[in-house]
Amino acid sequence: QVPLVESGGGLVQAGGSLRLSCAASSIIRIDAMGWYRQTPGKQRELVASVTRRGYTSYADSVKGRFTISRDGAKNTVYLQMNSLKPEDTAVYYCNAQPYSGYGLGDYWGQGTQVTVSS
């Protein structure tokens with residue numbers, strides 16, 4: 001299997017920045033990686049994703065503030081979060097999608113807490 005290791009969460013003031021990282025094993029092909037977030041009482045939502053070829057997608061609520069990037073050789077994905085708002089407070093989960101031909105399910109990180117005050 002491909003374990004995912006997340007880092008970079010924490011407590012920050014409104015308007016500040018954080019950078020999340022997620023590293024997967026490089027042994028198998030990963031087609032897409034992304035970041036989801038979840039708060040109590042709400043469904044988990046997709047924040048940003050990046051494909052193996054580098055195409056990116058963002059939730060409307062974070063466009064212009066967050067940037068996702070990927071190091072394909074290392075199967076590592078990053079989320080640069082700028083101009084953070086209290087509404088961004090959530091547990092953020094890394095997701096990786098193995099090549100569909102393998103017949104494997106998605107891999108998930110353990111979650112990292114992001115808290116934005118004020």
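**Exercise 1. Find where Leu104 sits, and work out which surface patch it helps to make.**

Step 1. Look between strand S9 (90–98) and strand S10 (107–108): Leu104 lies in the loop there. Strands here are DSSP runs (E, at least two residues), numbered from the N terminus.

A quick word on what you're looking at: this is a predicted model, where local features need pLDDT of at least 70 and side-chain atom pairs count only at pLDDT 80 or more, while totals for chains, interfaces and linings use all residues. Residues are numbered from 1 along each chain as its sequence is written, and side-chain values use heavy atoms, with hydrogens and water left out.

Step 2. Check the exposure. Leu104 has a relative accessible area of 42%, so it is partly exposed (buried is under 20%, exposed over 50%, partly exposed in between, with a 1.4 Å probe and protein chains only).

Step 3. Add the partners. Together with Tyr99 and Tyr102, Leu104 makes a nonpolar surface patch of about 280 Å². Patch residues have over 30% relative accessible area and no salt bridge, and nonpolar side chains are joined within 5 Å; a salt bridge would be a side-chain nitrogen of Lys or Arg within 4 Å of a carboxyl oxygen of Asp or Glu.

**Exercise 2. Describe how Tyr99 and Tyr102 are arranged.**

Step 1. Take the accessibility: Tyr99 is partly exposed at 32%, and Tyr102 is partly exposed at 41%.

Step 2. Now the rings. Their centres are 5.4 Å apart and their planes make 90°, an edge-to-face aromatic pair. (Rings pair if their centres lie within 6.5 Å; planes under 30 degrees apart count as stacked, over 60 as edge-to-face and the rest as tilted.) The structure holds two aromatic pairs.

**Exercise 3. Which strand gives the most to the largest nonpolar core?**

Step 1. Find the core: it has 27 residues, and Met33, Trp35 and Phe66 are among those with the most contacts inside it. A nonpolar core is a set of buried Ala, Val, Leu, Ile, Met, Phe, Trp, Tyr and Cys residues joined through side-chain atoms within 4.5 Å.

Step 2. Go through the suppliers. Strands that each supply at least two residues of this core include S3 (18–23), S8 (76–81) and S9.

Step 3. Pick the winner: S9, with four residues.

**Exercise 4. Trace what S3 pairs with.**

Step 1. Strand S1 (residues 5–7) pairs antiparallel with S3 over three bridges (pairing takes at least two DSSP bridges). Glu6 has Cys22 as its bridge partner in S3.

Step 2. S3 and S8 also run antiparallel, joined by six bridges. Leu20 is partnered there by Leu79 in S8.

Terms used. Patches are made of residues with over 30% relative accessible area and no salt bridge: like charges are joined within 9 Å, nonpolar side chains (Val, Leu, Ile, Met, Phe, Trp, Tyr) within 5 Å. Accessible areas come from the Shrake-Rupley method with a 1.4 Å probe; for residues, only the protein chains shown count as cover. Rings of Phe, Tyr and Trp (its six-membered ring) pair if their centres lie within 6.5 Å; planes under 30 degrees apart count as stacked, over 60 as edge-to-face and the rest as tilted.
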